[in-house]
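Open your viewer and load the model. Keep the selection box at hand and follow the stops in order.

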Amino acid sequence: MEQKRKPEAHSLKTRVQERKGLKRKLEAAAAGDKEEEHKVREISSSPSPSPLPCSDSFATQINHQNLTIEVATQVDILNSTFSWNESHRASAKRATHVLAELAKNEEVVNIIVDGGAVTALVKHLQAPPFISDDDESAPKPFEHEVEKGSAFALGLLAVKPEHQQLIVDAGALSHLVDLLKRQTHGSNSRAVNSVIRRAADAITNLAHENSNIKTRVRLEGGIPPLVELLEFTDTKVQRAAAGALRTLAFKNDENKNQIVECNALPTLILMLRSEDAAIHYEAVGVIGNLVHSSPNIKKDVLQAGALQPVIGLLSSLCSESQREAALLLGQFAATDSDCKVHIVQRGAVRPLIEMLQSPDLQLREMAAFALGRLAQDTHNQAGIAHNGGLQPLLKLLDSKNGSLQHNAAFALYGLADNEDNVSDFIKVGGIQKLQDGEFIVQATKDCVAKTLKRLEEKVHGRVLSHLLYLMRVGEKVIQRRVSLALAHLCSPDDQRTIFIDNNGLESLVGLLGSANVKQQLDGSAALYKLANKASSLSPMDAAPPSPTPQVYLGEQYVNSATLSDVTFLVEGRRFYAHRIALLASSDAFRAMFDGGYREKDARDIEIPNIRWEVFELMMRFIYTGSVDVTLDIAQDLLRAADQYLLEGLKRLCEYAIAQDVSLENVSTMYELSENFHAMSLRDICILFILEHFEKLSERPGKEKEVQGYFVSSLRDTDNPTIPAQLHWQLAHGSVVDDEEIASELLPLLRVYKNGRVERLIESQIVPPSLKDGKTGVSSKDITISTNPSISARIYIPSSKLTTTEKLALLIYFHGGGFCIESAFSLFQQRYLNAVVSQANVVAVSVDYRLAPEHPLPVAYEDCWTSLQWVLSHTKHHHDEQPQQDSITHGFEVEPWLKNNVNFDRVFLGGDSAGANIAHNIAMRAGANGLSVIRGMFLVHPYFWGSERIGSEKDMDGGAKDMVERIWLFVNPSAKDGIDDPMFNPFANGAPSLSGLGCKRVLVCVAENDVLKERGKFYCEKLKKNGWEGEDVELFESAEEGHGFYVFAPDTQNAQLLFKCLASFLSK
């Protein structure tokens, strides 16, 4: 990246300031000549005006007309006194002095020039001619004094650029060069020194920013004598000569080359070491202009030994020398990488960093310039940061000076290239500073953007590991800064590791509850950035595509009596429907017509809580797959879609509602999304709140409400609540692809040849709940193991908010035929909320890996690992676990288990396939000598076998085929097929149920469930096979089908089942 603040631009600015500095120098020097001025008055015998005061206010005391007269008078004197006559010389000297005094006021300069003073002054730059040879040997009154006065006055007139060429055209240059060559002799040595100095100063002002005059000076032979004067004994002459060379060298390659050819470098380098600040200031300026844009001269300067004395000037008491030295080092650093390294090795970094904190703006600017050049070399980056360069550079970003800002930004860009500096950037708040800065010029904005990109590219591997370490053990302020920075810099692939596994998300959410407004805004911005990075959490920018049309009956069958086999009564009106269309549409209708409900065989079904137009639109979606959802009906339609589990229709409603989210209604929309599990709408509301956090917080009464979306204290400070949906989205992902079908297990899932598995019956995934509105149960997601990947959702009843009593623990395994469903589904969330609330227990619902991606026995192994992890929270695990069994202890101790669970009351439980898992885990526990499991309940257990028992002999062949096909699909390696002991615990050769590793058992069956006979048979076998447990209970739900309680948890039979489970878990 090329730095905007070029040395050329700085040098030009310096030259403009230098002209004013030179004028002040001329004025100061004039005061030093007072003594000689008094001598003039004493010796002069010719008439002369009364003495004029030497002050800046002199010219303003005379009006314009008087000024014109005064100038004309002095010009006449000069024109009439060009001789060695003593009185002439005295008058001429005084006239030059008067004109110089007047010229100190730039407003009077034009009057002096217009009055013809230039020609007269130029004439007196040379000594008067001798009339005879005798005159040449006679005393020369005021020798050098008149020439000095003329040079001084011309130098002041040359301050205005428009007069420079006029003076040169009048022939001043050749005379000024001649004055440079006057030699010191006798008592007049002081006068000679003065005239030489005035000549050099006049050349400086004449050549300033005028390339033609710079060239004319060289052509007039002015450079060699100026170089010789660098070794003059009078330091003022040295300074004046160096000042002239400095001006002549600026942007004039021929002049530069001649200065070097005249062997100026050794003397200039010696001057760098001078104790006289004025000397080393001018010397470093000359060298700076010589090397600018001249790489060959730059090499010559370095070879001549300039580097170390220039570095030494960084510690000078003269701020001008410090500034020039920093600029020169920045120019040196552009030479090559080795030079950058040498500059740092010789001690330049510390003084440069100290200069960054100077009150002098230009000093800070040049120090940042030099560090910016040095920081582009990889060998220097860590050293600059280690010596404390980061914080002052970051502070300079607040400057209102565009060049200073950019120099600092460029230096930071270099430092960001070293991965060892990344954590330092973050620890001192550098990422927020870069993001929040108000940058004046576009180049700086681009530079900062590239710096952030460079830092982002470094956040992986050992850098990320170090940052995660800081998140765990650093001070709170460091943890906060790391979390904020990583939200902006981390890769999406690392989001789970950072924000879930290492609690980074909790740190960000904590900021929203801070009393510090800046921290609130930082937290909201970071969460917004993080949410946008999660691809599945981005705002909906289009309505979801409709499923394939051929799945639907079509528009012609909407409310058509043709082939209708069911009628809905809505607001007293009949709506004709077809069971096949309803069964294909959602789990709710499948449960209604195929799950043992009263509606299964009913012809007319009353719909009491939905308006006709809403119901009609919902049915139109079921039949066609698409409807136009308008804003006026969207909320009612969303409610209906949620009630009947129509996810596609919900998405359409959410999209329509989302278009209307505003500052005024976002609170209402958020509550709507919560009430009807509208996760896409909730995502949009969260993103909207984060994006407009500042505006929302500024609204009267809204600050606490906005914070309340994310911040609450559940029980203790160890587990602050996090935005649950964002948490879940970071922890999980989804893949959408479409390829050729390889196999199907209809109606459950489809497998494609590219390996993707499409689950056709898949419940809505929902985040954990801070506090369930119906039951008061709180839940959160945890990681049990990363290898293998096993997660779980923990539930805790509201009673734990008011009591310290430790509760029983339920380790629960969900159903779904080992191939569908999730511990994070809406069905499981509702079911577990009900059980936990009524039984007053803590529950861990295990999200084991599913077939066919992970065929059995993977699910069994995951659940066994989960049991071991849970038991690792109690001493029983260590006391009773046999040596030969491999154990995965998981992550750190989980406070919800450690602080709230009575490990003398551990229960296993599961429904359907989960009940199968619970049985097999209990059998393994018994075989391994684990005696800590208090009890186990099996709800509608998924057992089978080749020999039919009880009412199975009369069952439909299709139902039997489906039960068997699922098992063979999820466990293709089962050695005995459907008589595998894992599936048929009563098969020949199966382990005896007497080894079941628990003390109490409850088996729940349903009257209309094809699996009920296996549950009943399980109870009979358990009682007869020598099991030494306390008791076995059987509970049967009348007129219900398999899993009815999951789909309809509010029905009377479901409530009876929950009470039975609660009673069992309370014993």
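This tour starts with the whole chain and then goes stop by stop through selected parts.

**Whole chain**

Remember first that this is a predicted model. Show everything as a cartoon. You are looking at 53 helices and 14 strands. The protein has 1067 residues, and 58% of them are buried. Now switch on the surface. About 43,700 Å² is exposed, and carbon and sulfur atoms supply 48% of that area. How much of the contact set with a separation of 6 or more comes from residues 24 or more positions apart? The share is 73%.

**The annotated repeats**

Colour the spans that UniProt labels "repeat: ARM". The unreviewed entry places them at residues 171-221, 221-256, 263-305, 347-389 and 388-430. Pick one of them, residues 221-256. This span is 72% helix and 0% strand. Its end C-alpha atoms lie 14 Å apart.

**Ala278 and Ser321**

Select residues 277-291. This is helix α17, and Ala278 lies in it. Ala278 is partly exposed, with a relative accessible area of 22%. The cut-off for buried is under 20%, so a value of 22% falls outside that class.

Next select residues 319-333, which form helix α20 and hold Ser321. Is Ser321 buried or exposed? Ser321 is buried, at a relative accessible area of 0%. Draw a distance from C-alpha to C-alpha between Ala278 and Ser321. The pair is 8.3 Å apart in space and 43 residues apart in sequence.

Show side chains around Ser321. Beyond its neighbours within four places in sequence, Ser321 is in contact with Ala277, His280, Tyr281, Val284, Leu313 and Ser316. For reading any such helix, a general rule helps: an α-helix has 3.6 residues a turn, so residues three or four places apart point the same way.

**Helix α21**

Move on to residues 337-345, helix α21. Which residues of α21 are buried? They are Cys339, Lys340, Val341 and Ile343. Now bring up the helices around them. The cover over these buried residues includes α18 (295-303), α19 (307-313) and α20. It also includes α23 (361-374) and α24 (378-386). After α21, stop at Gly347, where phi is positive, near 95°.

**Strands β4, β5 and β6**

Jump to residues 741-745 for β4 and set them beside β5. The two strands run antiparallel and are joined by 4 bridges. One bridge to find is Ser743 with Val751 of β5. A hairpin through 3 residues joins β4 to β5.

Now select β5 by itself, residues 749-752. Both of its faces are covered. Leu749 and Val751 are buried on one side, and Arg750 and Tyr752 are buried on the other.

Add β6, residues 757-759. β5 and β6 pair in the antiparallel sense over 3 bridges. Leu749 has Arg759 of β6 as its bridge partner. The hairpin of β5 and β6 has 4 residues between the strands. Within this hairpin, Gly755 takes a positive phi near 100°.

**Strand β10 and its partners**

Select residues 842-847, strand β10. Why is β10 described as largely enclosed by the rest of the structure? Because 6 of its 6 residues are buried. Colour the two faces separately. Val842, Val844 and Val846 are buried on one side. Ala843, Ser845 and Asp847 are buried on the other.

Add β8, residues 789-796. β8 pairs with β10 in the antiparallel sense over 5 bridges. Look for Ile794, whose bridge partner in β10 is Val844.

Then add β9, residues 807-813. β9 and β10 run parallel, joined by 5 bridges. Here the bridge partner of Leu810 is Ala843. Finally, show helix α45, residues 826-839. Together β9, α45 and β10 make a right-handed β-α-β unit.

**Cysteines**

End with the cysteines. How many disulfides does the structure hold? The count is 0. Select Cys490, which is buried with a relative accessible area of 0%. Then select Cys863, which is buried, with a relative accessible area of 0%.

Definitions and conventions
Residues numbered from 1 in each chain as written. Predicted model: local features only at pLDDT ≥ 70, side-chain atom pairs only at ≥ 80, totals over all residues. Heavy atoms only, no water. Buried < 20%, exposed > 50% of the residue type's maximum accessible area, 1.4 Å probe, protein only. Pairing = 2+ DSSP bridges. Right-handed = clockwise from strand over helix to strand, strands pointing away. Disulfide = S-S within 2.5 Å. Contact = heavy atoms within 4.5 Å. Areas by Shrake-Rupley, 256 points an atom, 1.4 Å probe, with all protein chains shown as cover. UniProt positions renumbered as here; feature names shortened; annotations may be inferred.
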